Each structure stands twice: as C-alpha cells, then as structure tokens.
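Colleague: I should like to learn how the features of a helical model are read, from single residues up to packed helices. Please give the general idea each time, and then the case at hand.

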Amino acid sequence: MSEQQRHIEQPGPSEVRSPIIRRELARAGVWIGLAVAVALLALLAQPLMLIMGALVFATMLDGGTRLLGRVLPIGRGWRLAIVLFGIVAFLAYTFYLTGASLAAQAQAMRDIVEAQVGRIGGWMQQLGVTTTPNDLKGLAQQAMSSMGRVTAAVGTAVGAITSAVMMLVLAIFIAVEPKLYERGVAWMLPMDRRDDFYRTADKMGWTLRRLMFGRLIGMTVEGVGTWLLLWAGGVPMAGLLGILTGLLAFLPNIGAILSGALIILVGFSGGTDTGLYALGVYLAVQIVDGYLIVPMVAKRAVDLAPALVLAAQILFGALFGILGLFLADPIVAMIKVWLEERSRAMEERRRSAGVIAT
C-alpha cells in the first residue's frame with residue numbers, strides 16, 4: 001500500500017465538524033451571550049424596573065382580592081374591581097381634602113429644612129469642622145443626582161405619571177388572571193422543570209403578599225401614628241410629616257432615616273421642647289413598627305437580614321435609580337425564595353438518584 005493510500009484526512013481547525021472548534025465556539029457563545037445580557041440589562045433598565053414594579057403592585061392587588069374573598073363570595077373580577085375602586089377613592093379623597101394645604105406646607109417645609117441645614121453647618125464650623133452649609137446642600141444634591149439611569153426617565157412630573165400609569169395598567173392585567181401568565185412562562189420550560197417552577201412561583205407570590213401586607217400595615221401605623229402624635233404635641237406640619245413618614249416607610253432602613261431627619265429638623269424649628277418631643281415621637285413610632293409589626297407580619301414570611309436589605313438598596317439605587325431603591329427589598333426576597341427552592345429541588349433529585357441507585 002502506497003504512502004498516498006495510507007493517508008487519512010482529518011477535520012481541520014476551520015471545519016465546524018472539528019470537536020475543538022465546537023468546544024471553543026460553545027465557550028465563546030457563553031461569554032458573548034453573557035456580554036449581550038449585561039448590555040441589554042443596562043439598556044433596558046427602565047422597562048425592567050417598570051415591569052418589576054408592576055409585578056409587585058399586581059401582588060398587592062392579588063393579596064387584597066384574596067383577602068376580600070374571605071368575606072365576599074363573589075367573582076374574582078368583582079373583588080378586584082372593589083379593591084381598585086377603594087384605592088382610587090382613598091387617594092382622591094385624601095388629595096381633595098389636603099391637596100392645597102399640603103402644597104403650601106411642602107414649600108414651607110423646604111424653607112425650614114434649608115434653614116436648619118444652614119444652622120447645623122454654622123454650628124459645625126464653630127466646632128472646627130470645615131464643612132459649610134453649601135457643602136451640605138451640595139452633598140444632598142449630589143446624592144439625589146446620582147440615583148441611576150432610571151431617575152432621569154421618571155424624574156419629571158410627566159415621566160412619573162406616565163410610569164405610574166404604565167405600571168398600574170400592567171399590574172391590573174396581571175392581577176386579573178395571574179395563572180394565565182404563569183402558565184405562559186412555564187410553557188417555555190422543559191416538562192421536567194415545570195413542577196419546580198410552579199412551586200417556586202407559588203412560594204414567591206405568597207412571600208410577596210406577606211411582605212407587602214406587612215409593609216402596608218407598617219406604612220399605615222407609622223403615618224397615622226406620627227400625624228396624630230405630632231399634631232397632639234403642636235409640632236408644625238404634622239399632616240405632611242405623617243404622610244411623608246408613611247410613604248417613606250415603604251423603604252426599610254433608609255425610609256426611617258429620611259423621615260426621622262425631616263421630623264427632627266421641623267420639630268426643632270419650633271423650639272427645643274418641640275424638637276425633643278418630635279424626637280420622642282419618632283423613636284416611639286419606630287420602636288412599635290420595628291419590634292411589633294415587622295416581626296409579626298413581614299419578617300416571619302421573608303426573614304431578610306437588615307444589612308442585606310440595606311446593601312441591596314444601595315446597589316439597586318445606584319444602578320436603577322429611585323425605582324430600584326423602592327424595589328430592592330421585594331427583589332431580594334424573590335431571589336432568596338428562588339435560591340431556597342432551587343436548593344430544595346436539587347436535594348430532592350439527589351435523594352431520588354440515591355434511592356434509585358440503591
């Protein structure tokens with residue numbers, strides 16, 4: 001047999017049939033896909049946060065609909081309509097009664113806070129700290145201007161209203177028939193993974209409902225309690241401070257710090273006694289919320305470490321802006337549920353494989 005006859009052609013490095021090329025292409029595809037995913041995450045930050053906000057709001061609507069179903073044996077659509085009507089009626093009634101006075105109080109509060117910040121800056125200069133009031137104002141402006149890309153989209157009144165309407169409409173569609181969208185996502189998964197997905201989705205929904213229920217209870221207690229106690233003590237702008245405290249209570253950790261700073265600054269503008277009373281009110285409300293409401297409702301369902309929540313708020317606030325700051329807690333809670341359920345599913349598979357091998 002000649003030398004030419006004994007020669008056997010092998011796939012070259014330029015042929016896709018080569019195992020080396022296939023392996024390298026697979027590796028390159030993973031890295032390219034990861035880079036594309038990161039780029040899409042950066043480009044689609046605003047719609048992703050809007051969708052996540054709609055999911056959280058839909059969970060709140062679903063929780064209210066389920067709760068109403070315990071006392072009203074009517075269709076789900078009617079119960080959802082009652083919940084939506086109650087929310088709209090409450091907001092309209094609140095702004096109708098307090099809209100003009102709150103607008104005037106908001107402007108007055110801004111002047112008071114700026115004056116108090118100036119006094120703090122002058123006091124720090126007397127102590128030898130080389131920080132001027134302008135530095136403090138510049139630091140606050142810098143913090144608000146560095147809240148990420150999404151802030152630019154929702155920072156104006158038109159952007160905020162448009163984003164809110166989009167989230168509301170999307171949340172209503174999801175809340176009307178949540179199982180429909182759940183089955184649609186499951187359809188894209190392999191058959192052997194769907195049971196795990198349904199179980200994880202149910203656990204996520206239950207966790208978010210408990211978390212949001214506890215958050216709403218905390219917001220109500222903090223807002224109403226702060227308003228009544230400050231009003232009883234003669235603290236200026238008690239109504240506006242109560243509303244701001246209730247709204248900021250949606251943000252764990254950071255919300256309490258911001259509302260506390262506003263209460264103390266406005267309180268001391270009325271004198272030392274009024275400021276000390278406002279400080280006592282703030283501490284009392286936070287103690288009731290932190291040691292009674294949160295452990296009873298939200299923490300039992302989620303059990304998130306405060307440092308983890310604060311770190312997530314800082315990270316999501318820097319990456320995704322105001323919406324990321326508001327949604328950091330629910331996102332971390334869902335990630336925690338997903339990791340727990342994934343770990344449980346893997347453990348069950350290992351046990352099943354061990355039983356079959358035995």
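Colleague: In which helix does A328 lie, and is A328 buried or exposed?

Modeller: Helices are DSSP runs of H or I with at least four residues, strands are runs of E with at least two, and both are numbered from the N terminus. In this predicted model, local features need pLDDT of at least 70 and side-chain atom pairs count only at pLDDT 80 or more, while totals for chains, interfaces and linings use all residues. Residues are numbered from 1 along each chain as its sequence is written, and side-chain values use heavy atoms, with hydrogens and water left out. A328 is in helix α14. Burial is read from relative accessible area: buried means under 20%, exposed over 50%, and partly exposed in between, with a 1.4 Å probe and protein chains only. A328 has 0% relative accessibility and therefore counts as buried.

Colleague: Which residues are in contact with A328, leaving aside neighbours within four places in sequence?

Modeller: Contact means heavy atoms within 4.5 Å. On that basis, A328 is in contact with A312, Q313 and F316. As for backbone spacing, the C-alpha atoms of A328 and V309 are separated by 7.3 Å, although these residues are 19 apart along the chain.

Colleague: Which residues touch the most other members of the largest nonpolar core?

Modeller: A nonpolar core is a set of buried Ala, Val, Leu, Ile, Met, Phe, Trp, Tyr and Cys residues joined through side-chain atoms within 4.5 Å. The largest such core has 34 residues, and M49, L61, F316, L327 and I331 touch the most other members. At least two of its residues come from each of α3 (45-69), α4 (76-126), α7 (157-176), α9 (194-232) and α14 (306-357). With 11 residues, α14 gives the most to this core. A second, separate core has 11 residues, including L230, V235, A256 and V266.

Colleague: What does L327 contact beyond its neighbours within four places in sequence?

Modeller: L327 is in contact with M49, M52, G53 and V56.

Colleague: How is the length of a helix such as α9 checked?

Modeller: The expected span is 1.5 Å times one less than the number of residues. The 39 residues of α9 should therefore span 57 Å, and the end C-alpha atoms are 56 Å apart, which agrees. After α9 comes G234, whose phi is positive, near 75 degrees.

Colleague: How should one describe the packing of two helices, for instance α9 and α10?

Modeller: Two packed helices are described by the angle between their axes and the distance between the axes. Axes are lines fitted to C-alpha atoms, for helices over the stretch in contact, and angles run from 0 to 180 degrees between N-to-C directions. The axes of α9 and α10 come within 7 Å and cross at roughly 160 degrees. Angles under 35 degrees count as roughly parallel, over 145 as roughly antiparallel, 65 to 115 as roughly perpendicular, and the rest as oblique. The two helices α9 and α10 are therefore roughly antiparallel. A crossing is left-handed if the near helix is turned anticlockwise from the far one by less than a right angle, and right-handed if clockwise; that of α9 and α10 is right-handed. Among the residues that meet are M219, G223 and W227 in α9, with A238, G242 and T245 among those in α10.

Colleague: What are the angle and the handedness for α10 and α11?

Modeller: The axes of α10 (residues 238-248) and α11 (residues 254-269) come within 8 Å and cross at roughly 165 degrees. That makes α10 roughly antiparallel to α11. The crossing of α10 and α11 is left-handed. L241, L244, T245 and L248 in α10 meet G255, L258, S259, L262, I263 and V266 in α11.

Colleague: Is S259 buried or exposed, and what does S259 touch?

Modeller: S259, in helix α11, is buried, with a relative accessible area of 3%. Not counting residues up to four places away in sequence, S259 touches T245, L248, Y282 and Q286.

Colleague: Finally, how many helices and strands does the chain have?

Modeller: The chain has 14 helices and 0 strands. Of its 358 residues, buried residues make up 31%. Among contacts with a separation of 6 or more, 68% join residues 24 or more positions apart.
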